[in-house]
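Me: I should like to learn how strands, burial and overall shape are read from a structure. Could we work through an example together?

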Protein chains: 2
Amino acid sequence: VREATDAQLVLAVRDLPPEETAWTVDHLSPDDQQALLDRLARADPGLAADLLEHFDDSQAAALLREVDPAAAALVVIRMDSDEQADVLAEMSEAASGEILRQLPRTAAADLRQRLGYPDDTAGGLMITEIFRFDEADAVEDVVRRLREGAAEEARDGEGYRAYEVRYLYTTDAAGRLSGVVPMRRLVLGARSAKLATLAIRDFVKTAADTPVEELEDLFDRVDYSAVPVEDARGRLLGVVQRAAVQEHRGEAAEEDLAKTGGIIGGEELRSMPVGSRAGRRLAFLLPVLGLTLVSASVIGLYEPTIRESPGLAKFLPVVAGLCGSSGGQAVAVSMREISLGLIKTRDVGRVIRKEVTAALLIGAGVGLALFLTGWAWSGDLGMGLTLGFAAPPVMLLATAVGGSVPLLLRGVGLDPAMMSGPVVQTTIDMAAFLAVLAIAAAVL
Amino acid sequence: VREATDAQLVLAVRDLPPEETAWTVDHLSPDDQQALLDRLARADPGLAADLLEHFDDSQAAALLREVDPAAAALVVIRMDSDEQADVLAEMSEAASGEILRQLPRTAAADLRQRLGYPDDTAGGLMITEIFRFDEADAVEDVVRRLREGAAEEARDGEGYRAYEVRYLYTTDAAGRLSGVVPMRRLVLGARSAKLATLAIRDFVKTAADTPVEELEDLFDRVDYSAVPVEDARGRLLGVVQRAAVQEHRGEAAEEDLAKTGGIIGGEELRSMPVGSRAGRRLAFLLPVLGLTLVSASVIGLYEPTIRESPGLAKFLPVVAGLCGSSGGQAVAVSMREISLGLIKTRDVGRVIRKEVTAALLIGAGVGLALFLTGWAWSGDLGMGLTLGFAAPPVMLLATAVGGSVPLLLRGVGLDPAMMSGPVVQTTIDMAAFLAVLAIAAAVL
């Protein structure tokens with residue numbers, strides 16, 4: 001990176017296959033990453049903006065923070081408008097303020113306003129590169145201006161490239177959103193017609209603070225590729241695209257996957273500083289230690305039983321592990337049904353009934369397997385019977401708890417992806433230890 | 001459902017808020033669901049098609065399978081073309097064959113061809129409702145035909161509603177895809193110009209067998225909302241839309257979440273038959289039983305140690321549980337980095353180095369916590385020291401194994417979402433039991 005000329009750098013980045021871009025840059029040393037972006041920002045800000053779009057928002061923000069604010073501003077201005085707000089939102093107020101001060105006044109004001117919307121609302125997901133015309137404009141004027149824009153695009157490669165050109169949006173004299181004109185109507189309309197006569201008046205629109213879940217439902221219902229966003233006073237702010245809503249859904253599901261594994265916030269990457277990574281992981285592990293100690297205390301109660309039959313010790317993690325896995329399956333199905341909109345908190349009873357039916361079959365299978373294993377391994381029929389009888393009731397409990405806990409956590413406003421695992425695991429461990437040891441104390 | 005008239009049913013379904021639709025229908029009894037769809041299919045097939053799009057493909061297929069094939073065919077024909085293939089692919093050959101036989105010959109042939117493409121390729125994701133014109137057509141002819149289509153749309157509500165109207169696609173005399181005409185050029189072009197003179201010749205296209213991962217990269221790189229799909233002989237088959245690719249990505253991440261929890265295939269819903277649900281879950285649990293028995297055998301080796309210090313038995317699941325959670329965190333970060341394209345199989349060494357640095361901090365924290373807990377709870381300094389010294393090396397191993405196993409599994413072509421958990425858990429359990437018991441045998 002250091003030895004190449006600017007032109008060589010630009011060519012090298014431009015020629016990277018897209019599926020290799022993130023990987024290649026991520027594998028440079030932090031100093032080289034910074035040097036690369038710094039020089040690219042000056043030499044070809046558009047290319048630097050494209051490069052950043054290959055990264056996670058937090059990673060793009062980390063890279064951009066190290067660049068001189070004046071150069072960073074040139075890069076930001078070339079990014080898609082929804083991406084601009086996402087990346088700046090990941091920076092400290094001071095760092096994003098530095099960059100905003102370098103932008104032209106109107107662009108900065110516009111971006112500051114969009115920074116005010118959470119990134120899981122229509123305001124945070126919308127783009128502002130849209131065709132906006134006065135409803136009193138005639139088709140021929142609009143076509144002329146589009147033609148000028150197209151000429152500009154041919155000249156400098158910018159212009160309408162990023163525009164959502166399926167619809168034009170019309171505003172009334174007060175600047176309020178008044179209609180939507182599909183491109184098709186512009187093609188088919190008379191040249192002298194006013195946009196107002198062509199516009200669809202009864203169109204679907206949304207407010208800037210609409211949450212992304214509602215937008216998902218909206219796009220499920222309508223066939224439009226984009227829906228206009230207005231503020232509280234009816235002024236057109238931008239459009240939110242179907243693609244942006246679906247991209248957000250994909251990212252949310254990926255973060256849920258990370259949270260289920262015990263990553264707080266769902267956002268760790270190995271390029272983050274080691275202290276913050278270790279801190280976040282410990283913040284999850286120490287409460288888990290507390291919970292495992294609670295379930296271990298059940299074993300502590302039965303120390304005399306274990307002293308008499310130390311062979312039991314090896315079967316405790318087996319029964320707990322199996323029933324824990326079964327509970328994890330029920331958690332997974334509930335998480336999936338929640339995300340598909342098939343169950344709500346009040347369905348707890350129904351979920352438990354459905355789980356219990358399945359668990360009768362699963363418990364019978366697992367109980368038989370444990371009976372045979374326990375008997376064969378220890379040569380002691382009592383041990384086999386202990387395990388075989390302990391497993392099915394714990395299995396029933398495991399699936400019922402696993403199926404219902406994500407719903408209950410969501411019902412009280414907690415994040416089921418993060419919390420379901422430890423809560424379910426602790427409950428099942430306690431039940432498994434108690435069932436095996438209490439039956440053993442009676443039988444052995 | 002049974003007592004309502006057809007008109008009442010149609011109105012009731014039409015008035016459901018979209019976010020309630022899936023939930024409401026899912027909460028009817030299976031008989032009522034079938035009766036509803038059966039009658040809706042006859043009374044308003046378009047509405048029945050909309051209803052099915054609220055469901056998962058497998059659930060939509062299950063509902064449609066119960067409807068008379070002639071009525072089902074009317075519903076299928078109203079669905080979006082990418083959805084048609086997805087739903088029929090979830091049915092048995094016999095059931096989908098029945099429906100295909102009811103369709104007009106060309107529609108059936110078209111759909112059969114699309115059923116041949118796996119649903120994670122361009123062929124499986126594409127829609128076929130596109131504007132396709134001969135490149136020798138003049139702008140005025142094209143506009144006239146679009147106008148006729150629009151009139152048809154106004155008449156019966158179908159027509160171009162679902163069409164991707166941002167681009168027209170041109171074909172040459174041999175029917176091969178020859179160019180793309182943005183709607184804008186049609187607006188701005190001379191009425192007598194041939195499409196061939198307006199078309200972009202150097203456009204982005206893709207083959208029907210392109211996997212969805214490559215399509216994601218493609219849409220990362222280009223700004224188009226849709227890209228045309230051609231067969232091996234260059235004939236235009238359809239277009240794949242950015243939105244379809246991103247929707248697929250969201251579904252894949254959700255299925256990964258379910259697989260991580262131990263749901264084979266990632267597709268269980270509680271509306272499926274109980275036998276198939278229990279079977280799939282057992283198919284995951286029985287191998288897990290085998291793996292837990294392997295790690296339990298380590299405890300079996302140290303039975304004399306446990307007989308002497310039965311207090312150890314309660315700490316074994318604590319150490320194994322904590323180190324297992326830590327391994328799960330490393331798995332989660334690797335899964336996330338894989339999905340973001342930041343790591344590949346050859347990065348195993350780098351991942352392990354990054355994990356080990358974090359694990360030194362985490363291991364020190366957890367080791368200290370376990371030393372204090374063990375000492376305080378048992379009143380035995382030796383027990384505290386055993387736990388405190390056993391934890392850090394197991395922690396190092398846990399993060400290194402957790403971080404690298406998803407990469408290695410992917411490298412040999414196995415599904416990391418499904419297999420990482422059990423493999424990592426077994427390794428860590430064995431290491432934790434061995435470390436604690438071996439140190440205890442020496443110290444206590």
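**Reading strands, burial and shape**

Reply: Let us begin with a pair of strands. In this predicted model, strand 1 (residues 132-134) of chain A pairs with strand 2 of chain A in the parallel sense, over 3 bridges.

Me: Which residue of strand 2 of chain A is the bridge partner of Arg132(A)?

Reply: The bridge partner of Arg132(A) is Tyr169(A), in strand 2 of chain A.

Me: How many bridges join strand 2 of chain A to strand 3 of chain A, and do these strands run parallel or antiparallel?

Reply: Strand 2 of chain A and strand 3 (residues 177-182) of chain A run antiparallel and are joined by 5 bridges. Two facing positions help to trace this pairing: Thr171(A) stands opposite Leu177(A), and Leu168(A) stands opposite Val181(A). The two strands form a hairpin with 5 residues between them, in which Gly175(A) takes a positive phi near 80°.

Me: How should the two faces of a strand be read?

Reply: In a regular strand, side chains alternate between the two faces of the sheet. For strand 2 of chain A, Tyr167(A), Tyr169(A) and Thr171(A) lie on one side, with Leu168(A) and Thr170(A) on the other; all of these are buried, and both faces are thus covered.

Me: Why is strand 2 of chain A described as largely enclosed by the rest of the structure?

Reply: The cut-off for a buried residue is under 20% relative accessible area. Strand 2 (residues 167-171) of chain A has 5 of its 5 residues buried, so it is largely enclosed by the rest of the structure. The argument also applies to strand 3 of chain A, which is largely enclosed because 6 of its 6 residues are buried.

Me: Which strands of chain A form an open sheet, and in what order?

Reply: The open sheet consists of 3 strands in the order 4-5-6, with mixed pairing. An edge strand is recognised by its pairing on one side only, and here the edge strands are strand 4 (206-207) and strand 6 (236-241) of chain A. Strand 5 (residues 226-230) of chain A runs antiparallel to strand 6 of chain A, and 5 bridges join them. Within strand 6 of chain A, Val239(A) stands opposite Pro228(A).

Me: Why is chain A said to be more spread out than a compact globule?

Reply: One first lists the elements: chain A has 21 helices and 6 strands. The radius of gyration of chain A is 30 Å, well over the 22 Å that the globule rule gives for 444 residues, so the chain is more spread out than a compact globule. Along its principal axes, the C-alpha trace of chain A spans about 95 × 60 × 35 Å.

Me: What share of the residues of chain A counts as buried?

Reply: Of its 444 residues, 56% count as buried. As for the accessible surface of chain A, about 17900 Å² in total, 55% belongs to carbon and sulfur atoms.

Me: Is Ser96(B) buried or exposed, and where is its place in chain B?

Reply: Ser96(B) is in helix 8 (residues 93-102) of chain B. Its relative accessibility is 8%, and it therefore counts as buried. Leaving aside neighbours within four places in sequence, Ser96(B) is in contact with Leu88(B) and Met91(B).

Terms used: Residues are numbered from 1 along each chain as its sequence is written. Chains are lettered from A and ligands numbered from 1 in the order in which they are written. This is a predicted model: local features need pLDDT of at least 70, side-chain atom pairs count only at pLDDT 80 or more; totals for chains, interfaces and linings use all residues. Side-chain values use heavy atoms; hydrogens and water are left out. Helices (H or I, at least four residues) and strands (E, at least two) are DSSP runs, numbered from the N terminus. The radius of gyration is taken over C-alpha atoms; the globule rule is 2.2 Å times the number of residues to the power 0.38. Buried means under 20% relative accessible area, exposed over 50%, partly exposed in between (1.4 Å probe, protein chains only). Accessible areas come from the Shrake-Rupley method with a 1.4 Å probe; for residues, only the protein chains shown count as cover. Contact means heavy atoms within 4.5 Å. Two strands pair if DSSP finds at least two bridges between them.
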